[in-house]
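Reader: I'm new to this one, so could you walk me through it at an easy pace? I'll ask as I go.

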Amino acid sequence: MEVDFGPLAKAGSIMGSGGMIVLSEEDCMVDISKFYLTFTQEESCGKCTPCREGTTRMLEILEKVTSGKGEMSDLDRLERLAKLCQQTSLCGLGRAAPNPILSSLKHFREEYVEHIVDKKCAAKKCVALIKYEISADTCIGCTVCAPNCPTECTTGTRKEVHVIDQDRCVKCGQCFEVCRFDAVERV
Amino acid sequence: MSHAVANTDNWAEVKAACTEFLPEHIIAYIEQNAKTTHSESQLIAILHLVQGHFGYLGKDQMHAVAQLAQIPFAKVTGVATFYHYFRLQPRGKHIINVCLGTACYVKGADKLSTRLMDELGIQFGETTKDKMFSLESTRCLGTCGLAPVIMVDDQVYGPVSPAEASLILEKYLKKGKSQKAAEAAKV
Amino acid sequence: MIDKMINLTIDGDPLQVPAGTTVLKAAEKLGINIPRLCYHPNLSIEGACRVCVTQVKGFNHFLTACSQEVWEGMEVQTNSPEIRQARRDIVELLLDNHPRDCQTCERDGNCELQKQAYRLGVRERIFNGERKRFPVEDSGQSVIRTPEKCILCGRCVRVCSEVQGVSNLSQHGRGFHTVVGPANLSNMDDSVCIQCGQCVAVCPTAAFLEKDHTERVWEALAMPRDVKHVVVQVAPAIRATIGEAFGLPMGTPVTGKLVTALRRMGFDEVFDTNYSADLTIIEEATEFLSRVQKGENLPLLTSCSPGWVNFLEKFYPEMIKHTSSCKSPMQMLSTLIKTYYAEKKGLDPKDVYVVGIMPCVAKKFEAGRPEQAMEDGMPYTDAVLTTRELAWMIKSYGIDFVNLPDGEFDRPLGISSGAADIFGATGGVMEAALRTAAVKLTGDELGPLVFEEVRGVTGLKETTLRINGMDINIAVSNGLTNAKHILEAVKHGDKQYHLIEIMACPGGCIMGGGQPYPPLDHDPLDPETARIRAKALYDIDAKKQLRRSHENPAIEHLYAEFLGEPNGEKAHKLLHTHYEARMPRGIR
C-alpha cells in the first residue's frame, strides 16, 4: 500500500501526525479499537450529539465485547453508531473517531466474531477472556511467583508445581512477568 | 419626597478586592490586553499565567480574572473546567504524567498506570494526601522509542516496567525526606 | 440593493432564494419543516444537536440545515432512509442520556425532545447505556436547574448572553459529562442570575424550571377560612396569555374566565394587579414630574420589572439613583392588601395570605426581598405562581376553563384603567405614564391616549415628544442587551433622556419567563407571539371607559382615605423601596 493521503483514506485511516505504528498478531484489534475510542471519547468536547453520546455508546459496546459479554447484534449497533458519528459529527474529531472501528471491522471482523462467539482473544490482550495457568511440565517450584501475587492465590511449596486459584485470580499478570522459566501461561 | 442617594457604584471596591488575589505581572498582562480588540480571546493565556503562578486555578483567582478582564465569570470557569490542563485544586510537589499514547499503550501503559494508582492510592487527576505526588495522564510525549514512558516533573523515564515505576517513586520520596532532614538540621 | 439570488433544488424541487439563506430557511419556503432542537431563530447558530442534518450531493457526510448556507446548483435531500435513520439515532442518543421520567415530568406533553422522538419514530431503544448523573440545583428562589434533563442544545446559554446580556450560564466540563450552569455551578441566587427565567422559556426540556409554589398555595387554600384569608392578584399580562394553555387561540383575552376560575379554586378575594399598576403610574409620574422640575436624576428609569431591578443591582449599580423607587405593581398591591385592605376588613395581616399570579419568574425572588418585607420580616407576597403554574392548577382542579362564565374582580382593589392593562406589553408602562404626564403637564384632561411611537415589539424604541412646549426624550427597551445600549448611551451622555422604560424580557411581560410554553409548532420567543399577545392587551385597553390611570376612582379614593398625597410620607413608606449594589457583580 502506498503511504499517501488518498490510499490511507481508502483503507479507512488518516495521515494524522504522520506517525505509523506497527502491530502484530500479539495485538488485539478489538482492544486497539477500544483504546482509540477511549481517547476520542475523552477528547470529545461535548458540543455535538453524535460524538458526545455516540463515542460513549461505542466505547460501552467495545467494553462489552472485550469483556466476553458481546452479542452478534452488538456489531450491527456498533457499525450503525460508527457511521452516524462519521456522517453527522460537527468536527473532524467526531468524524474520524469511528475510523479504527470501521476499518478494523472491515479488515479484522473475524477478531470481533471470535470475541463474541468463542469468547476468546487470540492475542491474549483482553483480560476477561484469558486466564493464567502454571504448566506442570515446566514449573520447577522456585516459589518466585507466589509472593508476587497480590491476592495470594498463587500457591505451592518449594520444588513442587505451583497452582493458581482461578476464582481468586485478578489476572494482573504478575506471576507471568516474574516467572523465569516461562511456566506461567496465558491461555 | 426624594432621598439623597449615595454613590452606589461598587466597581472601585470590586476591582480593589480582585487585585488582591492576583500578582502584579498578571494584572499588568490583563491591563495591557484590555486595550486590544477581542481581548476576551486572551482568557486562556491569562489562565495559563495564573496556573503557572499558583499551580492551580482557585475560585477567587478565577473571579478576579473575570472582573479585571471583563469576561463573564461563567465563561471563565467553563473554560477552566473544559481543558484537562487546567487544575482547580492545588497539586502535589511532583507531577507524574503517564503517557497513554498508542505506542506506550501497546507496550503496557495500562499496567504501569494501575501500579502507580495502587502505590499512590489515587486516580488520574488526583493528588496524594501528603501532597507529594499528583498523577496525570497524557497523550504521547513524543518519545515512542522509549515506550512505555512516564514523566515526573520535567524528567522523562522510559521504558518503565511497573516494578521500576515503584523504584522511581521511592527515589523522589527519599529525596524529599533528605531535603526535609537537611532543612531540619539547618534549623 | 437587490440580494443575489441562488438557484438550488430541495428534494428535487427547484427554488430560488437570496444568497446567505440557510438550507433550513430555504426548505421552509417549500413548506418543509426540517426537524431541529438546538436551533432558534432569534439566537446565534449552534449546530450542536445535529438533528437537522440533510444530504447534499457531492458530500459523504451530512450537512446541518440550520448552519449551511445555500450555493448555486446545490442539490439537497431532506428526507431519505439514511437521513431518517441518522435523525432517529441522534434523538435516541439524546434520550438514552436523559431520565426516563416523561410521565412525571413537568414538560410532559409540551417537551420538544419528546415531540422530535415521536416525530422521527424512535419506537425502541437500541443504544442504551450509562446515563449522566447530576444533582438537582433547587436552592435558588426562582430558577431551578435539573442538569440530567439537559440535552446540551445551548439555547439557555445563548439567550442568557445574547438576549439578556447576563452571560450567567456556560457549559462546564467536557464531553459526556458536560453540564450547563452558572460559574462554578453555583446556586442561581449566588450567581449573576437576574432570575428572568428566559432560560426556562427557551429550554426544549425541563432542565430549567421555575421554583414550584403550587404546593404552598394548595395548602393555603385548604386552610379553614377563619385561619387564612387567601387573596389573589392577577398581573396584566396573564389575561392575554393563559387562554393558550387551554387551547384557545393565541391572543384571546380571558379576563372574566380567569376571575371565575380563581374564585372556584377557593380564593377569598380576587384582586387585579392592574389596580396597583394605575397606582404605580400616579406614584411614578409624580416622581418623574418632580425630577423634571428639579432637573435632577434624569432620566428616570422604571422599576416594574424585577428581572431588570436584579440586573440594575448586579450590573449597573451606579444607575440606582436614576431608577424609580416605586415598588413593582405586585408588591404595591400586596402591601396594600396587608395594610389598607386588612385594616378595612378588620383582619390581622398575619392571617392574610397573598398570592400573585405573574408572567414572571423573577417575581418569586422579588417577593422574598427582605427590604420589601413587613417590619416583622413577614413578606407582603406569600406565593407567586407563574401563568404556567396557575394553568396547571386549574387543570389539576378539573375546572373546564374554556366554558367558564365571566366573572368580575372584587372591589375596590379590582378596578383599573386601560392604561394598566397595557403594562404587560413592552412600551405599555411608558404609554400609561405618558397619558397621565401629558394631562398633568398640559392641564388638558383630553390629552393624547395613543402613543404609537412606543408600541410594537421592537427591542429598542426611542422618540422625542413635544408636550406643553417641552421636548421629552424617551426610550423603551426590552431584552436586557437592549437596556445595556441605552444605559451606556446615558452614561456617556450621548443623549439626554427624560424617561426610560426597561423590561427584562424580550417583548415585555407577555413574553415573561413564566408564560405558557408556545404550541410545539411555534418557537419560544417568537416576536409574532409577542405581537399577538400584545394586541390582546391593547384591544382590552381600547374597549375600556377608563383609559388613564389618574382617572381611576378607586385610586383617587385610596389617596383620600388612606395614603394621603402621591409620593407623600405614607405613600413613600408603603409603596417605595430602595436598591443596593449586589455581588457578584455582573460583567457587562
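Reader: What area is buried between chain B and chain A?

Author: Quick ground rules: this is a predicted model, where local features need pLDDT of at least 70, side-chain atom pairs count only at pLDDT 80 or more, and totals for chains, interfaces and linings use all residues. Residues are numbered from 1 along each chain as its sequence is written, chains are lettered from A and ligands numbered from 1 in the order in which they are written, and side-chain values use heavy atoms, with hydrogens and water left out. Buried area is the accessible area (1.4 Å probe) that two parts lose on being put together, summed over both. Carbon and sulfur atoms give 55% of the area here, and the area itself is about 1,200 Å².

Reader: Which three residues supply 49% of the area that chain B buries against chain A?

Author: A contact means heavy atoms within 4.5 Å, and this one takes 17 residues from chain A and 11 residues from chain B. On the chain B side, no other three residues supply more of the buried area than B:Thr102, B:Tyr105 and B:Arg139.

Reader: Which element gives the most to the side of chain B that touches chain A?

Author: Helices (H or I, at least four residues) and strands (E, at least two) are DSSP runs, numbered from the N terminus. Across the interface of chain B and chain A there are 3 residue pairs in polar contact, both at pLDDT 80 or more; a polar contact is a pair of N or O atoms within 3.5 Å, where within protein one must be able to donate a hydrogen and the other to accept it, and residues adjacent in sequence count only if both atoms are side-chain atoms. The elements giving two or more residues to that side of chain B are α6 (102-106) and α7 (109-120) of chain B. With 4 residues, the one that gives the most is α6(B).

Reader: How many salt bridges are there between chain B and chain A?

Author: A salt bridge is a side-chain nitrogen of Lys or Arg within 4 Å of a carboxyl oxygen of Asp or Glu. B:Lys111 meets A:Glu177 in one, at 3.7 Å from N to O. A:Glu42 forms one with B:Arg139, with the closest N and O atoms 3.4 Å apart. The count between chain B and chain A is 2.

Reader: Why does the pair of A:Glu42 and B:Arg139 join two chains?

Author: B:Arg139 is partly exposed at 23% relative accessibility, where buried means under 20% relative accessible area, exposed over 50% and partly exposed in between (1.4 Å probe, protein chains only). The pair joins two chains because B:Arg139 lies in the loop between β2 (133-138) and β3 (150-152) of chain B, while A:Glu42 lies in helix α2 (residues 29-43) of chain A.

Reader: Is helix α4 of chain B mostly covered or mostly uncovered?

Author: The buried residues of α4(B) pack against α1 (11-21), α2 (24-34), α3 (43-54) and α5 (73-82) of chain B. Of the 11 residues in this helix (residues 59-69), 9 are buried, so to speak of it in one phrase: mostly covered.

Reader: Which parts of chain C does the pair of C:Asp541 and C:Arg435 tie together?

Author: C:Asp541 forms a salt bridge with C:Arg435, the closest N and O atoms being 2.7 Å apart. They tie together parts that are 106 residues apart in sequence, namely helix α17 and helix α15 of chain C.

Reader: Which residues do salt bridges that share partners join into one network?

Author: C:Arg435 also forms a salt bridge with C:Glu431, at 2.9 Å between the closest N and O atoms. C:Arg435 is buried, with a relative accessible area of 0%. The network joins C:Glu431, C:Arg435, C:Arg455, C:Asp541 and C:Arg547.

Reader: Which side chain does C:His550 join in a polar contact of 3.0 Å?

Author: C:His550 is found in the loop between α17 (527-543) and α18 of chain C, and is buried at a relative accessible area of 11%. The polar contact of 3.0 Å is with the side chain of C:Thr436.

Reader: Where is C:Pro412?

Author: Most peptide bonds are trans. The one joining C:Arg411 and C:Pro412 is cis, with omega about 0°. As for the place of C:Pro412, look in the loop between α13 (387-397) and α14 (418-421) of chain C.
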